[in-house]
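Trainee: Please take me through the surroundings of the bound molecule in close detail. I would like one connected account, with the cysteines treated at the end.

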Amino acid sequence: MLDRDLSESAVVAAQILVLNGPNLNMLGIREPALYGHHTLDDIREMCASRAEALDLDIDFRQSNHEGELVEWIQQARGACAGIVINPGGFTHTSVAILDALLLSELPVIEIHISNIFRREDFRGHSYISQAASGMITGLGAYGYVLALDAVAQIITSENQG
Ligand code: CA2
C-alpha cells in the first residue's frame, strides 16, 4: 500500500513551454483578417484547457526580444518535455532561436496562425523548421490546440520506447 501511494504521488504532469514571438501580444487588436479575432490571452486559455485534458502543464509566454526567447528555450532543456513555438517574425530571420531549439534536444512543434506559404515569398522560408518535428500553419488560433495534441503524442510515443 505504501509503495503504491509513493508511486502515485511521484507522477508529475509533463511541462510544455508554449512560446510566442514578437508582436503576437497585438493579436485581436489589429489585422483580424489575417490573424483572427482571438487575443493572446484567449489563446492562452485555449491552451490551458487542452493541456488539462491532455494531462500536461503549460508555461505560456510571449516576448518581443530574441535574446529573451533564446534564454527561455535554454531553460526549458531538462525542465520541459516539449516546446510549442510561434516565433513570429523571427521565423524568417533567427539562426539564434534555431540553434537554441536544436540545443534543447526537445520535441518542437512550430505554429503559425496565418498560412505562411500563401503570403509574401520571404515568409515561405522558416529557419525554425530545421528544429521542428512538424509545423501547423494557417489554422488560426486552433493551431495551438493541435500543436499541443501533437507534442503530447510525441511524448507518449517516446515514453513507450
Ligand atoms: O502567422 C503567424 O503566426 C506568424 O508567425 C505571425 C508573424 C509573422 O511575421 C509570421 O510570418 C507568421 C507576425 C505576428 C504579428 O502579429 C500581429 C498581430 C496583430 C496585428 C499585427 C501583427
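Mentor: A residue counts as near a molecule if one of its heavy atoms lies within 4 Å of that molecule. The model is a predicted one. With that cut-off, the ligand is surrounded by 17 residues, and Asn86, His92, Ile113, Ser114 and Arg123 are the closest. Sorted by class, this shell consists of 7 nonpolar, 7 polar and 3 charged residues.

Next come the polar contacts, for which the pair of N or O atoms must lie within 3.5 Å. Two involve side chains. In Asn86, a side-chain N or O atom is 2.8 Å from an oxygen atom of the ligand. In His112, a side-chain N or O atom is 3.0 Å from an oxygen atom of the ligand. Ile113 takes part through its backbone, where an N or O atom lies 2.7 Å from a ligand oxygen. As for cover, the ligand taken alone exposes 510 Å², and the protein buries 93% of that area. As for location, the ligand sits in the largest pocket.

That leaves the cysteines. The structure holds 0 disulfides. Cys47 is in no disulfide, and the cysteine sulfur nearest to its own, that of Cys80, is 14 Å away. Why is the sulfur of Cys80 not in a bond with that of Cys47? A disulfide needs two cysteine sulfur atoms within 2.5 Å. The closest cysteine sulfur to that of Cys80 is in Cys47, and because the two are 14 Å apart, they are too far for a bond.

Are these two residues buried or exposed? The limit for buried is a relative accessible area under 20%. Cys47 has 0% relative accessibility and therefore counts as buried. Cys80 has a relative accessible area of 12%, so Cys80 is buried too.

Methods:
Residues numbered from 1 in each chain as written. Predicted model: local features only at pLDDT ≥ 70, side-chain atom pairs only at ≥ 80, totals over all residues. Heavy atoms only, no water. Polar contact = N/O pair within 3.5 Å; in protein donor to acceptor, adjacent residues only side chain to side chain. Areas by Shrake-Rupley, 256 points an atom, 1.4 Å probe, with all protein chains shown as cover. 1 Å grid on protein atoms, 1.4 Å probe; cavity = no way out; pocket = protein on both sides within 12 Å on 5 of 7 lines; lining within 4 Å. Sits in = over half its atoms within 2 Å of the grid points. Nonpolar A, V, L, I, M, F, W, Y, C, P; charged D, E, K, R; others polar. Buried < 20%, exposed > 50% of the residue type's maximum accessible area, 1.4 Å probe, protein only.
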